[in-house]
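Here's a quick tour of one model, with a look at a couple of residues and then the nonpolar cores. Keep the viewer open as you read.

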Amino acid sequence: MVYDLAQPHFNGGPQFPGQPPNTIVYQQLAAVKAATVEECRFMSHSASHVDAPFHYLPKLRCIHELPLGHFYGPCVALDLRPLQPSHPIVSADLKRYEKLITPGTFVLLKTGWGDKRANTKEFLTAWPYVTGDAAKYLLDRGVKGVGIDVLSTGGYGEYHVEADAHMVLLGAEKLLLEDIRIPDELLDGKRRHFAAFPILIANAGGSWVRPVVWDTGDLDGEEPAPEMTAKVPEEITYPVRLQREQK
């Protein structure tokens, strides 16, 4: 099984408060002029994306300077639910999974907020976040990176709430993957393969990704592996439906 962890871009999609809204418009339609072409305007840190160290620490590497090996490796998903709004994730929240948090592993944190993804005050301002304490614990455990199903690894509001985990983990050049979905099927404690390759954007502190997880052997056969793909809601895909219904 190949598991899709991506959250989609769409017009007005949820993103960090204060940033301009996402817009995707057709600049050309196949029904009128040969081919359909879209113009997309959204922030590099919207929908599923990775942070480069340059995002917070300009003396460190940006997206185009990081090797491909930075973006793939073994992973394990941890179920932190239930968490209250604005819950600060501390080392004690992670230590019950200590045997799973091993050197060189990407740790995917399921808070439950990925299932709430919407333009609501709770999702946009009150997500659970990784504290500096938890970030130091993960660093001490030797993780390769962290993924989380909220808008940002850090929280919303006060500077240290937002910045501390970023400074610790990006300062050590660990991968941060944000605004993803983590299927419940991954919460079995099993190590799997993970990859989240970025778009090659020069001089950037972040980039959009299509993160995926798969089991050993899934990609080795002649036939494509079964997929658990992210579903884009029908109310978002209506422009495609309207075009297809044209006579």
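## Two loop residues and the cores

D179 is buried, at 1% relative accessible area (buried means under 20%, exposed over 50%, partly exposed in between, with a 1.4 Å probe and protein chains only). Bear in mind that this is a predicted model, where local features need pLDDT of at least 70, side-chain atom pairs count only at pLDDT 80 or more, and totals for chains, interfaces and linings use all residues. Residues are numbered from 1 along each chain as its sequence is written, and side-chain values use heavy atoms, leaving out hydrogens and water.

Here is D179 next to L60; helices (H or I, at least four residues) and strands (E, at least two) are DSSP runs, numbered from the N terminus.

| Residue | Loop between | Relative accessibility |
|---|---|---|
| D179 | β10 (175-178) and β11 (192-195) | 1%, buried |
| L60 | β4 (49-51) and β5 (72-79) | 28%, partly exposed |

Leaving out neighbours within four places in sequence, D179 has contacts (heavy atoms within 4.5 Å) that include Q7, R117 and F123. With the equivalent exclusion, L60 touches P53, F54, E65, L170, G171 and E173.

Now for the cores, meaning sets of buried Ala, Val, Leu, Ile, Met, Phe, Trp, Tyr and Cys residues joined through side-chain atoms within 4.5 Å. The largest has 32 residues, and I89, L94, I101, L109 and V130 have the most contacts inside it. Elements giving it two or more residues include β5, β7 (106-110) and α5 (159-171). Apart from that one lies another core of 21 residues, among them F71, L175, L177 and L186.
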